[in-house]
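Hi,

Here is the structure I promised to pass on. Have a look at it first, and then read my notes underneath.

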Amino acid sequence: MKHRNVRGKIAYIFDPEGERIDFGREWWSVTFHEDGQRTLRAHCEIEPGVVADRSVLRETVYTTDSQYHPLDCFVRLHESGK
């Protein structure tokens with residue numbers, strides 16, 4: 001199997017006047033497939049009360065071909081638990 005994975009985390013930070021507040025995070029990964037396709041996976045969590053009154057939970061899986069043309073995509077979004 002010849003593929004490569006890259007992974008990371010993004011911190012969502014609000015910094016009013018030097019007062020750092022962590023209000024969310026996103027874990028992501030990209031798989032580079034042998035045939036040139038790329039698959040992005042992301043899990044995002046945003047806490048309520050800092051920049052909005054609602055929480056957000058988002059799940060995404062998105063695949064493109066070797067020319068970045070979309071092949072398929074799935075997104076699930078929960079806002080304030082719904």
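Let's start with a charged pair: Arg 25 forms a salt bridge with Glu 47, and their closest N and O atoms are 3.0 Å apart. The two partners come from distant parts of the chain, 22 residues apart, with Arg 25 in strand S2 and Glu 47 in the loop between S3 and strand S4 (56–64). Keep in mind as you read that this is a predicted model.

Why can such a pair form at all? Side chains of opposite charge can pair when their charged atoms come close.

Arg 25 has a second partner, too. Its side chain also meets that of Glu 45 in a salt bridge, at 3.1 Å from N to O. Here again distant parts of the chain are linked: Arg 25 belongs to strand S2 (residues 21–32) and Glu 45 to strand S3, 20 residues apart.

Are these residues buried or exposed? Arg 25 counts as buried because its relative accessibility is 14%, and the cut-off for buried is under 20%. Glu 45, at 24%, counts as partly exposed, and so does Glu 47, with a relative accessible area of 35%.

Now for another pair. Glu 26 and Arg 58 meet through their side chains in a salt bridge of 3.2 Å, N to O. Glu 26 sits in strand S2 and Arg 58 in strand S4, so this pair ties together parts that are 32 residues apart in sequence. With a relative accessible area of 11%, Glu 26 is buried, whereas Arg 58 is partly exposed at 26%.

Going back to the earlier trio, Arg 25, Glu 45 and Glu 47 are joined into one network by salt bridges that share partners. In total, the structure holds four salt bridges, so you still have some to hunt for on your own!

One more residue to click on is Thr 39, which lies in strand S3 (residues 38–46). Thr 39 counts as buried because its relative accessibility is 6%. Which side chains does the side chain of Thr 39 make a polar contact with? One is the side chain of His 33, at 2.9 Å, and another is the side chain of Thr 63, at 3.0 Å. Setting aside neighbours within four places in sequence, Thr 39 is in contact with a whole list of residues, including Ser 29, Val 30, Val 61 and Tyr 62.

Happy browsing!

Conventions. Residues numbered from 1 in each chain as written. Predicted model: local features only at pLDDT ≥ 70, side-chain atom pairs only at ≥ 80, totals over all residues. Heavy atoms only, no water. Helix = DSSP H or I, 4+ residues; strand = E, 2+ residues; numbered from the N terminus. Buried < 20%, exposed > 50% of the residue type's maximum accessible area, 1.4 Å probe, protein only. Polar contact = N/O pair within 3.5 Å; in protein donor to acceptor, adjacent residues only side chain to side chain. Contact = heavy atoms within 4.5 Å.
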